[in-house]
Amino acid sequence: VFLLRSSASAEVVNHVRRLSTTSTKNVKVAVCGASGGIGQPLALLLKQSPLVTKLSLYDIVHTPGVAADLSHIDSPAVTSGHNGPENLKDALSGMDVVIIPAGVPRKPGMTRDDLFNTNASIVRDLAEACAKYCPKALIGIISNPVNSTVPIASEVLKKAGTYDKRRIFGVTTLDVVRSNAFIAEAKKLDPRKVNVPVIGGHAGITIIPVISQATPSVSFEKNQLEALTLRIQDAGTEVVKAKAGSGSATLSMAYAGARFAFSLCKAINGESNVVECAYIASDITESPYFATPIKLGKDGVADNLGLGKLSSYEQDLVQAAIPELQKSIKKGEDFVNKSS
Ligand code: NAD
Ligand code: LMR
């Protein structure tokens, strides 16, 4: 009996020690656009994770219902819903992470840039609110066109005097998730064990899967490599066509957005070696924003891991992407700086 008691109490002591030596921080996460096709499943995935202790749901419609529904789930995240711009202060104050899937999605025949006219001002206004109410938050932008919306948000934060280039990300995780899925399928691998970095941006030819750096290492005939690359670049359009007018990728995006948000939470909690690809302010190429693998830390970007060694095919893809990225970036910057 004595032995049993002492080993049980030793276990409790160890458990308490473990708790007191880990510096787990409460991470408060907001989703802006939380009632939408991405927002709702993303909020569900965030709600079920113990990494999130507060979940704040903002949209211009329906958030009280979404929040009431999610709040009945028996997980720790305290969930609140906030509708309309007059409630942005309550939605965003004190947030550590803000994920933005607000805005309209594509219909068949549209490019992501065709969404600019509607989504640019939505992202601008949300970035203004972040500058005001949570200037230290890490911000992940899902709203398209990502190649322009990240520069838009950055210019807004610069004007507000709260810009920190380490804290703002275009979420390109879906491109990585898709690359992993398609390559696992082609090579009959377990998709959970495949990792393909994707660099560049998030539209057509700016999406550059770096298959030469995939783990595990894979090789393809030239034709197959080109077909696979094209499928990854056009994967968003594949979903838009299949949905036939009812929107674009929502469920896979929610999965990818949650993965990215969890990585930010882990980095905030001091976990080391958290690496994700994301579209960030960058001096790695001649494009002022460029997605590469990034080591994340508590303040966002801790280390840009750069391009690594590219095949000559991938180098050509980078060269082709740069002018398009520069154009989309300028369009975003001009939207903020020339309209005021
Ligand atoms: P959706 O129309 O289903 O949802 C968008 C939500 O945004 C709606 O609930 C709407 O009320 C809300 N909204 C509109 N204006 C708002 C504002 N000012 N403030 C807060 N919320 C606002 O669209 P969706 O399918 O969820 O897609 C959202 C965006 O994500 C689109 O721009 C789409 O192109 C983009 N997207 C990006 C990726 C990526 O990989 N980065 C992947 C998929 C979709
Ligand atoms: C995607 O890649 O699925 C998104 O950018 C949505 C779209 O319009 O393709």
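These legends go with three close-up views of a predicted model.

**View 1. The shell around ligand 1.** Zoom in on ligand 1 and you'll find 33 residues around it. Closest of the lot are G36, G37, I38, A102 and N144. Helix α5, running over residues 116–133, chips in 4 residues, the largest share of this shell. By character, the shell splits into 17 nonpolar, 13 polar and 3 charged residues.

**View 2. The shell around ligand 2.** Here the surroundings are P105, R106, R112, N144, L174, H202, G236, T237, V239, V240, S248 and A249. Top contributor is helix α9 (residues 235–243), which hands over 4 residues. Nonpolar and polar residues come to 5 each in the shell around ligand 2, and another 2 are charged. Keep an eye on N144 when flipping between views: it's listed among the closest residues to ligand 1, and it also turns up around ligand 2.

**View 3. Helix α5 against helix α6.** A pair of packed helices is described by the angle between their axes and by how far apart those axes are. For α5 and α6 (residues 146–160), the axes come within 9 Å and cross at roughly 35°. The crossing of α5 past α6 is right-handed. On the α5 side, the contact is made by F116, N119, A120, V123, R124, A127, E128 and A131; α6 answers with S148, T149, I152, A153, V156, L157 and A160. Sorted by type, the contact of α5 with α6 has 10 nonpolar residues, 3 polar ones and 2 charged ones. Helix α5 is also the one that gives the largest share of the shell around ligand 1.

Note on methods: Residues numbered from 1 in each chain as written. Chains lettered and ligands numbered in written order. Predicted model: local features only at pLDDT ≥ 70, side-chain atom pairs only at ≥ 80, totals over all residues. Near = placed C-beta within 6 Å. Helix = DSSP H or I, 4+ residues; strand = E, 2+ residues; numbered from the N terminus. Nonpolar A, V, L, I, M, F, W, Y, C, P; charged D, E, K, R; others polar. Axes fitted to C-alpha atoms, helices over the stretch in contact; angles between N-to-C directions. Left-handed = near helix turned anticlockwise from the far one by under 90°. Contact = placed C-beta atoms within 7 Å.
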